[in-house]
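The following exercises concern a pocket and a sheet. Each task is followed by a worked solution.

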Amino acid sequence: MYTNLFKLCGWSDEEINANRSRIEFMLEKINCTDEKSLKHAEEHVSSCFDLSISAPILRIYLHEFLDIVNVRNEYDTYVTINFPITPTLFLGMLYAQMRTGKSVYVKSTTQTSIVCLGMIFDKYTRVLEEGERMGQGAGKAHCGQYQAEAGLLSLGILPKPDLVVGSGWFCDQAAEADHQMSQIFGFESVYFDGCMDWPWDVELPRENFEYSAKTVERAMKRVYEVTGLEITPEDNQQAWAAFYQLSFAFLNLCGTVGHSDPQVISHADLTPPYLFALVCPHPKRVGETLQAIGAMTEEVNRRIEQGIGILPKGAPKVYVGMKTGCDVRMIKVIEEVGLSITNIFLDGMTRAEKLPLMFPENDPFMQATEYMLKRPGLNTPCYQQQYHEDMLEEFGCDGSVLSYLYNCRPWTSPALMNRDNLEKKTGLPILLLETDYYDSRLYSPQQIKTRLEAYAEMLKLNKELKA
């Protein structure tokens, strides 16, 4: 019954036959074994994506999800990492695992599970509800991510890890939530720590980076002890090479789409490759992922040459301030009302990332920390505000759709401040919506569509008046 779903997502008959026992184990875990559920999944993934271009990426996501659900059947030691992660360090550990042959699996498992359950199978709400039942109520941690983690563990979709690496860089409640779950489920937790109180000026204080890097080094020491893995300079070099290739392949694709007129494909189809550029696939699938992004880029360029688009040429352009990790309906609704999305928050580089390196490249902890803390939203408010301004200018936007999250303290205030700053600096109309990164139960795309329609009409009128 599941063959058609997997073939829609780019799997061959040979792949399906070779993985039948693993697939059936996974489908049983996520409660998706009956014909009705599988048919619904086919309809859901087809409505979310243009499968003619997204299937190769979704194919890799399903392989990664199978690895995660089956991890205890296939590996002796299992370590999971929560967002925001230092992708190169953990990618380096997987290169070390492949080099040594140790039976160790290290992955950002919650993030990958959310994508697959939300965007492919539409089985995510059950996970959130179970997480709430386990005590991870709304607003208690970093959005719904930790509700999802609790639900995934309680339902047995994710097996209990040996060690969880949390992060207090972005939200102090995240590490607290992991510690609470370590007591409930009986695993060990360690965490990175950071300073959310950045100065308002644009200088990047070295002490913030040094403090965070020391906590990374402390946490990673424990990861090494649990896994028995040590990252060599060669492992680290391979990890950075793979990460940079994935990141720049995605940024090139995203920039091409953002500058297209008419908008060539939906930004919904850019969400899965974006998340891979963030958390990285297993090293054995890096080449396949680059090929999939490359094929998508080639198809985008072909459609641009032929003048193919999903919106009329000259549609108002908007920069969107928030992605969703579990649901692409909000992206589709923005496009449905006739707004051309240029890019979405985190789809570009901040001015901070373009500065010279602050720390020596031979320290992997400082190197990884510096990269992450120069990303949008993880450093000073001034750099974040500049990032939004730069995106509006770079893509010639007519406005911006920002959003703040119901259940995440670090994202709510910046969204309000960014709206006021952008209206003051650019004079463009800014729409602020209430959404959520990890919990689509908290908003209704169809209700929000009414506000978007009015906003789109205003931007169209503004373009006509300027013309």
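**Exercise 1: the pocket**

The largest pocket has a volume of about 780 Å³. A pocket here is an open set of points on a 1 Å grid over the protein atoms alone, where a 1.4 Å probe fits, with protein on both sides within 12 Å along at least five of seven lines; lining residues have an atom within 4 Å of a point. The volume is the space filled by probe spheres set on the points, which are joined across faces, edges and corners.

The model is predicted: local features need pLDDT of at least 70 and side-chain atom pairs pLDDT 80 or more, while totals for chains, interfaces and linings use all residues. Residues are numbered from 1 along each chain, and side-chain values use heavy atoms, without hydrogens and water.

Task: Identify which residues are closest to the centre of the largest pocket, and which element gives the most to its lining.

Solution.
1. Of 40 lining residues, Trp240, Phe243, Tyr244, Tyr371 and Met372 are the closest to the centre.
2. α13 gives the most, with ten residues. Helices are DSSP runs of H or I with at least four residues, and strands are runs of E with at least two.

**Exercise 2: the sheet**

Task: State the strand order of the open sheet and find its edges.

Solution.
1. The order is β6-β5-β7-β8, with parallel pairing; two strands pair if DSSP finds at least two bridges between them.
2. β6 (340–344) and β8 (430–435) each have a single partner strand, so they stand at the edges.
3. β7 (residues 399–405) pairs with β8 over six bridges, and Ser400 stands opposite Ile430 in β8.
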